[in-house]
Amino acid sequence: MNNTRLNIFVGHFGSGKTEIAINFAIHLKKYYNKVSIVDLDIVNPYFRTKDVTGILEHKGIKVIAPMFANTNVDIPALPAEIISLFQDKEYRVVFDVGGDDIGATALGRYYKYFANEKYQMFFVANMKRALTNNAGNTIELLREIEKKSRLKVSDLINNTNLSYSSTIEDLLKGQKVIEKISREIKVPIRYITGKHEILSQLPHDLKEKAFPLRLYLKMPWE
Amino acid sequence: MSDKVLMKGNEAIAEAAIQAGCRYFFGYPITPQNEIPEYMSKRMPKVGGVYLQAESEVAAINMVYGAAGAGARVMTSSSSPGISLKQEGISYIVGSDLPCVIVNIVRGGPGLGGIQPAQSDYFQAVKGGAHGDYHLVVLAPSSVQEAVDLMTDAFDIADMYRVPVMLLGDGMLGQMMEPVEFKEQKGRDLPSKEAWATTGTKGKRRKNVVNSLYIDPKELEDLNIKRFERYKQIEANELRYEMINCDDADIVLVAYGTTARVANSAMRSARSEGLKVGLIRPITLWPFPVEAFQKAVQTTKAFLAVEMSMGQMVEDVRMAINGAKPVHFYGRTGGMVPTPSAIIEELKKILGGER
């Protein structure tokens with residue numbers, strides 16, 4: 001199991017960071033007593049970690065979110081409580097960061113803490129998103145996120161999907177592009193994520209990277 | 001790889017507008033539609049278009065007025081309070097017989113209201129939010145794909161009849177992500193803009209004038225009558241709606257936009273419990289699909305309109321039914337979204353009362 005205490009999920013908005021962060025926190029809880037997830041999204045008005053607070057708290061995961069998240073106002077004020085997670089070293093922490101370099105700006109405020117402790121920053125990539133559909137524009141965004149957060153991406157996650165129309169073919173084509181990115185920027189691909197039905201079709205050599213997701217963010221008609 | 005991409009509703013609307021030939025976008029930020037200007041700001045320069053963040057919504061709609069007057073394919077987008085600010089400009093655009101597309105990604109109201117989804121701008125969109133005799137053509141997609149498919153129509157209808165067209169979505173449609181495909185759009189044979197667009201005479205023709213002030217009352221009346229003749233054509237040619245399971249339905253749900261998806265889900269569950277429920281989904285809110293109701297009213301016993309409002313479209317449903325059958329209403333407001341189970345409960349209450 002992953003043994004870094006601070007885990008940060010960044011990427012293009014709509015790349016799937018939130019679902020992955022939620023699943024990651026739930027996974028961590030199997031191994032660690034104290035797990036917290038921080039909804040650090042200052043961009044998105046709806047469909048965020050805070051939506052599933054009930055499920056996460058029921059599993060014993062501490063949820064910290066901007067106090068006005070999911071209300072009717074657009075005030076992305078980050079709670080001071082986040083600092084406690086840098087101080088209480090018993091916590092395993094998952095940071096669900098807002099999309100793009102704009103969302104990553106929120107990380108800059110915690111730079112002095114990240115500079116003093118080992119962290120892992122996962123860059124989530126979905127090659128079926130319109131503005132990150134090739135190596136060039138994806139690396140460009142990754143670099144922008146690094147610049148704004150003043151942190152370095154340590155791992156890549158292939159989350160290539162089309163929501164309810166996802167296929168293994170798309171996931172594998174996405175894998176080829178992300179492998180190219182990985183070689184170019186010398187950052188390893190840590191996980192390949194998706195629904196279990198799709199990951200079970202992965203070829204043998206990629207199976208060890210599979211991280212199956214259960215989807216928690218639902219539409220009102222689902 | 002399939003040609004589909006995964007997009008947020010707002011992004012997809014912006015891309016679809018660009019693919020429909022829109023090259024001018026003027027707007028001002030407001031949640032929950034910010035991804036439209038955000039996307040436009042990235043893409044417009046790459047396709048040789050103009051993206052401009054105006055100093056206000058009022059400025060943005062008047063820039064649209066100017067660009068439309070010069071014959072451009074132009075769009076603006078906003079959310080409820082911002083659309084209220086644009087109303088004066090919309091009336092001037094109508095009064096000058098100019099085409100443009102306005103996107104409203106509706107949030108809770110009145111006032112600043114809130115940033116969560118709502119459908120409480122129906123009256124404003126459909127009944128005329130600004131002054132004067134006029135209609136907007138109002139298109140209400142219920143999925144990201146449908147929003148994309150309707151964008152070419154929106155620009156074509158605008159150009160065909162020289163009217164502003166509004167794409168009305170709620171915050172959920174703007175924020176949700178779905179796979180979409182950008183199909184090759186044929187577009188229509190559209191009339192030339194030469195006769196009225198202010199593109200420069202180059203000394204070769206009489207000047208075109210964009211104007212909404214008429215000194216002579218008779219002239220103004222004549223123009224209003226001519227405009228309403230075009231509205232008649234729109235009513236005849238541009239009606240869009242969907243009817244599901246209405247043939248044997250005891251009760252027909254009526255809902256548009258994302259609420260229609262909640263209603264559809266409620267209908268399927270209710271059917272599995274043996275309740276005969278149908279659904280009418282207006283896609284054009286103006287012109288309102290009266291003919292769908294005239295068909296359904298022959299066989300069904302009652303209607304239930306579901307909206308994210310205190311009851312606005314339900315008035316058009318009542319007018320379409322004209323007292324022939326009872327019309328019930330269920331709504332949530334303020335950013336609250338109806339659930340399938342709440343709709344089923346309403347259906348049971350109504351059907352129970354009918355027996």
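Here is a short chat about two packed helices in chain A and two domains in chain B of a predicted model.

Student: Why are H6(A) and H7(A) called oblique to each other?
Tutor: Start with the angle: helix H6 (residues 135-149) of chain A and helix H7 (residues 168-185) of chain A pack at about 50 degrees. Angles under 35 degrees count as roughly parallel, and 65 to 115 as roughly perpendicular. The angle fits neither range, so H6(A) and H7(A) are oblique.

Student: And how far apart are the axes of the two helices?
Tutor: Their axes lie 10 Å apart. As for handedness, H6(A) passes H7(A) in a right-handed crossing.

Student: Which residues meet where H6(A) and H7(A) touch?
Tutor: From H6(A) you get A:Ala135, A:Thr138, A:Ile139, A:Leu142 and A:Arg143. They meet A:Val177, A:Lys180, A:Ile181, A:Glu184 and A:Ile185 of H7(A). Sorted by kind, the residues of this contact are six nonpolar, one polar and three charged.

Student: Over to chain B: what makes domain 1 and domain 2 count as being in contact?
Tutor: Contact means heavy atoms within 4.5 Å. On that test, 30 residues of domain 1 of chain B are in contact with 25 residues of domain 2 of chain B. The centres of these domains, (5-237) and (242-354), are 29 Å apart.

Student: How much area do the two domains of chain B bury between them?
Tutor: About 2400 Å², with 58% of it on carbon and sulfur atoms. On the domain 1 side, B:Gln119, B:Tyr122 and B:Ser142 lose the most area to domain 2, together 30% of what that side buries.

Conventions
Residues numbered from 1 in each chain as written. Chains lettered and ligands numbered in written order. Predicted model: local features only at pLDDT ≥ 70, side-chain atom pairs only at ≥ 80, totals over all residues. Heavy atoms only, no water. Axes fitted to C-alpha atoms, helices over the stretch in contact; angles between N-to-C directions. Helix = DSSP H or I, 4+ residues; strand = E, 2+ residues; numbered from the N terminus. Parallel < 35°, antiparallel > 145°, perpendicular 65-115°, else oblique. Left-handed = near helix turned anticlockwise from the far one by under 90°. Nonpolar A, V, L, I, M, F, W, Y, C, P; charged D, E, K, R; others polar. Domains from an automatic or database assignment. Buried area = accessible area lost by both parts, 1.4 Å probe.
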